[in-house]
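Please open the model in your viewer and keep the sequence panel visible beside it. The tour below proceeds by selections, each followed by a description of what is found there.

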Amino acid sequence: RPLDDERRDWPLSSATWVEDYWESKSHPHRQLIVEGVGSCGPISSVLEVGSNCGPNLALLRDRFSYLKDDRLAGIDANADAIAFAKQQLPGIDFRVGSALTLPYADRSFDLVLADAVLMYVSPKDISKAMDEIARVADKAVILVEWGDEKSAEGVVKDFHWCRNYGKLLEKRGFEVAKAKIEKAFWPNESWANHGYRYIARRVLKTSKGS
C-alpha cells in the first residue's frame, strides 16, 4: 500500500494514511489493549504483530513505566509505516516483515499482540501465523480481531476473515478469555457485530506428582 494511497482507515485528516494511524492513538478500543496487558501480570517485553506505525506500542510504553523501549518491538509488512514508526519511536525495535515468519527466537517476548491484523490473513496461512505468534510468546497473547465460533480456519463477514481464535490459541497451549467489544469502544457497526478481545495465557505444565 503506497504512502499516497487516498483510502483512509480512520476518520481523520492527516497528510497521509500512516499519519492517520499515528493520530488514532486516542481511539477507545486501544484502552482495551492497555487494560488487557495490565491484566496479564508482570510483563517486561511486548511484540506487536502488524504494528503499523506503532500507536499501540506508544500507549503501552507511556502507560507502563516498566516497559522499556528496548524491550518493545513491532513488525509490519508496510515499509512506509515502519519508517514512520522509527521516526516517532526511535528506541523501539521496528522491522519490516511477515506474521508467517517472525524473525525472533522462541518465547522471546512475554506478550505478543495483534490488533485487527489476522482478519486479513487467509485460511491457508492462518495456522502458520498462529504457530509463529505462539512460538515467540512466552507468557501471553492478546488479539483484537473478528470472531466466529463455528470456524477456526475462517469465514468472510463484511469482507474480512472471522474465526474462532479461542480454539486456535487453546490448541497451542493457552487458556483463553474472550470478551465482546462493545460499540462504545469501537463505534463501528461491523466491529460491534464481530469484534472480540482475546486474552490468552500460556498454560504452565507441571511435573507428575507436583
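How many residues has helix 5, and how far does helix 5 reach from its first C-alpha to its last? Select residues 123–136: helix 5 has 14 residues and reaches 21 Å between those two atoms, close to the 20 Å expected at 1.5 Å a residue. The expected span is 1.5 Å times one less than the number of residues. Helices (H or I, at least four residues) and strands (E, at least two) are DSSP runs, numbered from the N terminus.

Before continuing, please note that this is a predicted model, in which local features need pLDDT of at least 70 and side-chain atom pairs count only at pLDDT 80 or more, while totals for chains, interfaces and linings use all residues. Residues are numbered from 1 along each chain as its sequence is written, and side-chain values use heavy atoms, with hydrogens and water left out.

**Helix 5 and its surroundings**

Within helix 5, colour I126, A129, M130, E132, I133, A134 and V136, which are buried. Buried means under 20% relative accessible area, exposed over 50%, and partly exposed in between (1.4 Å probe, protein chains only). Now display strand 1, strand 4, strand 5 (137–146), helix 6 (165–171), strand 8 (174–180) and strand 9 (195–202); the buried residues of helix 5 pack against these elements.

**Salt bridges of helix 5**

Next, show the charged side chains. A salt bridge is a side-chain nitrogen of Lys or Arg within 4 Å of a carboxyl oxygen of Asp or Glu, and a search of the whole structure finds 14 of them.

Select E132 and R135, whose side chains meet in a salt bridge (2.9 Å, N to O). Because E132 and R135 are three residues apart in helix 5, about one helical turn separates them. An α-helix has 3.6 residues a turn, so residues three or four places apart point the same way. E132 counts as buried at 7% relative accessibility, whereas R135 is partly exposed at 24%.

Add D106, whose side chain forms a salt bridge with that of R135 (2.9 Å, N to O). This pair links distant parts of the chain, with D106 in the loop between strand 3 (93–96) and strand 4, and R135 in helix 5, 29 residues apart. D106 is exposed, at 55% relative accessibility. Adding K128 to the selection displays one network, in which salt bridges that share partners join D106, K128, E132 and R135.

Then select D131 and R172, the side chains of which meet in a salt bridge (2.8 Å, N to O). D131 lies in helix 5 and R172 in the loop between helix 6 and strand 8, so the pair ties together parts that are 41 residues apart in sequence. D131 is partly exposed, with a relative accessible area of 36%, but R172 is buried, at 14%.

**Strand 1 and its partners**

Move to strand 1 (residues 46–49). Which way do its side chains point? V46 and E48 point one way and L47 and V49 the other, and all are buried. In a regular strand the side chains alternate between the two faces of the sheet.

Display strand 2 (residues 72–76), which pairs with strand 1 in the parallel sense over four bridges. Two strands pair if DSSP finds at least two bridges between them. Strand 4 (residues 109–115) likewise pairs with strand 1 in the parallel sense, over four bridges. Centre on V49: I75 stands opposite V49 in strand 2, and A114 is the bridge partner of V49 in strand 4.

Add helix 3 (residues 55–63), which makes a right-handed β-α-β unit with strand 1 and strand 2. Right-handed means that, with the strands pointing away from the viewer, the path from the first strand over the helix to the second runs clockwise.

**Two asparagines**

Select N52, in the loop between strand 1 and helix 3. N52 is buried, at 8% relative accessibility. Contact means heavy atoms within 4.5 Å; not counting residues up to four places away in sequence, N52 touches W17, Y21, D76, A81, I82 and A85.

Finally, select N56, which lies in helix 3 and is buried, with a relative accessible area of 3%. Leaving aside neighbours within four places in sequence, N56 is in contact with R30, I33, E48, L113 and D115.
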